[in-house]
Amino acid sequence: MSAPSGGAVARIPFTELQALLQGIFERHGCSQAVAQVLASNCASAQRDGAHSHGIFRMPGYVSTLASGWVNGRATPQVSDLAAGYVSVDAGGGFAQPALAAARELLVKKAQAAGIAVLAIHNSHHFAALWPDVEPFAEQGLIALSVVNSMTCVVPHGGRKPLFGTNPIAFAAPCAGHPPIVFDMATSAMAHGDIQLAAAAGQPLAAGIGVDSQGDPTTDAKAVLNGGALLPFGEHKGSALSMMVELLAAGLTGGHFSWEFDWAQHPGAKTPWTGQLIIVINPGLGAGRPFAERSRVLVEQMQAAGLTRMPGERRYREREVAEREGVAITEQALQGLKALLG
Ligand code: NDP
Ligand code: PYC
């Protein structure tokens, strides 16, 4: 997770950054409701040091909105399909407002039935996935989400790209601690981090990507210009990526990562796919409270020598940002202000 370079670093209050981003989204055609959700998401990523999906993404959002590829004013249509099943047609808009529209119903169903799924389709997701799951764990629920993206990953054993970078995010409550959260691409590196490495002229580690000939490369630009990424962990990451395609697209009614064509929309960057969220109420389980069991697990992991839990780096960055403001380079801040013009 590399930090973007670009001159002196300023620290600005979270609310100021959020308001600036909201203004940019509104200026480029989003409704106030959509702009609010996306700005909060993107500012949170910047605050937590999730740089591949923080303000670095703003020019991509803007060019996508300008291209007409995504509907920034879409109103999600929520369908209550069964005791544990909610579906949302995002109307060609973003996935996060679709989640916001269905959230209350989803939680009510998970609390009553013990488990509920939210299937979002006709949606665009261009962000980190942890903001979608972490709030469920903060209210005592377990959440798992998957989203597929755009073809740029060669399945293990294959010869050409097919899968997206297809992340999986998980959040669970933990007594006496912030929620346990992990959020990871199933590719060896997120596409956003490849772009950041290319911009900084940094070489990639071996095993991350191939060039346009299908040969292994450590050149990020070669991966972006006709090359492709590999799944993490060979056949294992590849199987998880396949599962994400099935759940996020096959099940929801969304597009597989290769099923949309944005060629007629120059500047379009947001994958038009689907997202699945599974929410579990651990309060219905037998035995000791789940959050206590989570804490036992964390303590045992620490006793085994672990000094860093997944999610912990973000929480640390968040703490600093809450005290001192969100870190952003002067150059990036000026770039954001220019997007308001
Ligand atoms: P990372 O490899 O940076 O991190 C993956 C997870 O592992 C995080 O939860 C991280 O915690 C944790 N972690 C990292 N290092 C350690 C360590 N040494 N010990 C313990 N835990 C560790 O993430 P990716 O690069 O795979 O993904 C980056 C982002 O890209 C994600 O937010 C993902 O959702 C997003 N993405 C979005 C896509 C989309 O279509 N919308 C597509 C692909 C990716 P921590 O957060 O605390 O560092
Ligand atoms: O970083 O792989 C990525 C990504 C794809 C879509 C949004 N982010």
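The following exercises, with worked solutions, concern a predicted model.

The model is predicted, and local features need pLDDT of at least 70, side-chain atom pairs count only at pLDDT 80 or more, and totals for chains, interfaces and linings use all residues. Residues are numbered from 1 along each chain as its sequence is written, and side-chain values use heavy atoms, with hydrogens and water left out.

**Exercise 1. Determine whether the span of helix α1 agrees or disagrees with its number of residues.**

Step 1. Helices (H or I, at least four residues) and strands (E, at least two) are DSSP runs, numbered from the N terminus. Helix α1 covers residues 14-27, which is 14 residues.

Step 2. The expected span is 1.5 Å times one less than the number of residues. For α1 this gives 20 Å, and because the end C-alpha atoms are also 20 Å apart, the two agree.

Step 3. The buried residues (under 20% relative accessible area, 1.4 Å probe, protein chains only) of α1 include L17, L21 and F25. Contact means heavy atoms within 4.5 Å; the buried residues of α1 pack against β1 (9-12), α2 (32-47), α3 (58-67), β12 (326-329) and α11 (330-338).

Step 4. Just after α1, G29 has a positive phi of about 105 degrees.

**Exercise 2. Establish the strand order of the open sheet that three strands form.**

Step 1. Two strands pair if DSSP finds at least two bridges between them. Strand β8 (residues 209-210) pairs with β10 in the antiparallel sense over two bridges, and V210 has A228 of β10 as its bridge partner.

Step 2. The order is β9-β8-β10, with antiparallel pairing. Strands β9 (216-217) and β10 (228-229) are the edges, each pairing on one side only.

**Exercise 3. Describe the surroundings of N166.**

Step 1. N166 lies in the loop between β5 (142-147) and β6 (168-174). N166 counts as buried because its relative accessibility is 0%.

Step 2. The N166 side chain reaches the backbone nitrogen of S149 at 3.1 Å.

Step 3. Leaving aside residues up to four places away in sequence, N166 touches several residues, among them S149, M184, T186, E245 and S257.

**Exercise 4. Explain why C152 forms no disulfide.**

Step 1. A disulfide is a pair of cysteine sulfur atoms within 2.5 Å.

Step 2. The closest cysteine sulfur to that of C152 belongs to C42 and is 20 Å away, so it is too far for a bond. By this rule the count is zero disulfides.

Step 3. C152 counts as buried because its relative accessibility is 9%; C174, at 6%, also counts as buried.

Definitions and conventions:
Chains lettered and ligands numbered in written order. Buried < 20%, exposed > 50% of the residue type's maximum accessible area, 1.4 Å probe, protein only. Polar contact = N/O pair within 3.5 Å; in protein donor to acceptor, adjacent residues only side chain to side chain.
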